[in-house]
Amino acid sequence: MPGVGVKIYSVFFKLLLRHKLQSLAAAAAAAAGGESGGGDAAAFGVSCRADEATAPSNPAFSAADGVASKDLHIDPNSSLSVRIFLPTPPPPQSHHAHGLSLRPRRASEPPPVTGGGVGGGAPYRGYLPHAVVSSSPRAAAASARRRLPIVVQFHGGGFVSGSSSSAANDAFCRRVAKLCDAIVVAVGYRLAPESRYPAAFDDGVRVLRWIAKQANLAMMSKVGGGVDTFGASTVEPWIAAHGDPARCVLLGVSCGANIANFVTRKAVEDGKLFDPIKVVAQVLMYPFFIGSVPTHSEIRLANSYFYDKATCILAWRLFLSEKEFSLDHPAANPLAPDRGGPPLKCMPPTLTVIAEHDWMRDRAIAYSEELRKVNVDAPVLDYKDTVHEFATLDVFLKTPQAQACAEDIAIWMKKYISLRGHEFSY
């Protein structure tokens, strides 16, 4: 069982969360009752709350974890934004270990960046895969291997809170980027009730298409044509220079898992719209699934720690409009009869993370079981003495369970993002 401190903190957390949701509901009702020309502002939406702690981006390789980050606002018509996390390149010795030769450094060039530096980290200096001599096909292939997989991450918060730049989400994404040696794109989707369904889901699809656009622009620029000056200026260098669109993983936390699963289905269903993106796997961390027929865990743990069922239903009422509110809505129940989309057998490998004291666990297990029935690799990691968001909530980030969970996710993920093919996996 969780300790006394966790239990006490959970009580206050639930009180504050319920008060916050009730305040948002009242504000939404007032806005709906007196709306007069505020449609543009509602369409633009918000992607973070002013009362939530955020971590500043730092486009330098941090001395603590060797990960740089920066924020981008990628849609002028809404508040949609992303925070990109880029891990530091390996030291030059690792290339020699693999039998690769590096371009000799000229006397006028600064020494290579290998990690920490003055002021909390070394600045980003644009390390490129073509730093490896590409005069032979073998060297060119080695250059391509330096490209990093892309992990698209969706934060939690019941669709109404949280952000890509929150302190907890920033720390979690840095951990994932470091452990997986991958670029992490944390999505700052629009929040409810300002932007109800399907705004957050549409934002997830829009970000994946934006990443595909960066890869296409980089490819066109590489062959020496098709990109004018304006097009070249819109290329995001961290993704264009270092990202491998053929190794993309979607990772969702709580309600973010619902978004990740939706975006994955869209990528499977309309693959050509996302070329050259290939979603090779997805990770669903304690997904925010629910349904009209209660499961055993929903009855037994209805008043569980931090996120009880009644409060979560209130969050769903803020996300779904009154007209379409249903606990069997396709956004809420992935096994609903009218969910639509591609058949489950077409879904990519799916890792599901669940907590022992989470009332949503049975629904996540059931979805994973349905995937396994159609021969999709869909393991479940069940962590003892844990609660919903045990690996991503700020108060739990430094616990052994949170660290172990991130490491376990990295181990499984490398089975599908590795180019060497000999990592251990579950």
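**A colleague's note on this predicted model**

1. A good place to start is N258: a polar atom of its side chain lies 3.0 Å from the backbone nitrogen of F288. That makes a polar contact (a pair of N or O atoms within 3.5 Å; within protein, one must be able to donate a hydrogen and the other to accept it, and residues adjacent in sequence count only if both atoms are side-chain atoms). N258 sits in helix α9. With a relative accessibility of 3%, N258 counts as buried (under 20% relative accessible area is buried, over 50% exposed, and in between partly exposed, with a 1.4 Å probe and protein chains only). Leaving out residues up to four places away in sequence, N258 touches F159, F201, P287, F288, F289, W316, A331 and A332; a contact here means heavy atoms within 4.5 Å.

2. Before going on, a word on what you are looking at. This is a predicted model, in which local features need pLDDT of at least 70 and side-chain atom pairs count only at pLDDT 80 or more, while totals for chains, interfaces and linings use all residues. Residues are numbered from 1 along each chain as its sequence is written, and side-chain values use heavy atoms, with hydrogens and water left out.

3. Now the overall picture. The protein has 13 helices and 10 strands; these are DSSP runs numbered from the N terminus, with helices being H or I of at least four residues and strands E of at least two. Of its 426 residues, 53% count as buried. Among contacts with a separation of 6 or more, 78% are between residues 24 or more positions apart.

4. Have a look at R83 too, in strand β3 (residues 81–87). Is R83 buried or exposed? Its relative accessibility is 1%, so R83 counts as buried. The side chain of R83 makes a polar contact of 2.6 Å with that of D71 and another, of 2.9 Å, with that of D170. Beyond residues up to four places away in sequence, R83 touches a list of residues including A55, P56, S57, S164, V184 and A186.

5. Two residues that are not glycines have a positive phi. F159, with a phi of about 70°, belongs to the loop between β5 (148–154) and α5 (167–180). F159 is buried, at a relative accessible area of 1%. N375 also has a phi of about 70°, but N375 is exposed, with a relative accessible area of 73%. The loop that holds N375 runs between α12 (361–373) and β10 (380–383).

6. The helix just before N375 is α12. Its 13 residues reach 19 Å from first C-alpha to last, close to the 18 Å expected at 1.5 Å a residue; the expected span is 1.5 Å times one less than the number of residues. R361, R363, A364, Y367, S368 and L371 are buried in α12. The buried residues of α12 pack against α9, β8, α10 (296–300), β9 (350–355) and β10.

7. Helix α13 (residues 400–417) also agrees with its expected span: 18 residues should cover 26 Å, and the end C-alpha atoms are 25 Å apart. Its buried residues include C405, D408, W412 and M413. Among the elements covering the buried residues of α13 are β5, α5, β7 (243–253), β8, β9 and β10.

8. Two cis peptide bonds are worth finding. One runs from A192 to P193, with omega near 5°, and P193 is in the loop between β6 (183–188) and α6 (199–222). Another joins D275 and P276, with omega about 5°; P276 is in the loop between α9 (255–269) and β8 (279–285).

9. Finally, the largest pocket holds about 830 Å³ of space. Of the 35 residues lining this pocket, F13, E52, S161, Y307 and L393 are the closest to its centre. The elements giving two or more residues to the lining are α1 (4–33), α5 and α11 (309–319), and α1 gives the most, with nine. On a 1 Å grid over the protein atoms alone, a pocket is an open set of points where a 1.4 Å probe fits, with protein on both sides within 12 Å along at least five of seven lines, and lining residues have an atom within 4 Å of a point. Grid points are joined across faces, edges and corners, and the volume is the space filled by probe spheres set on the points.
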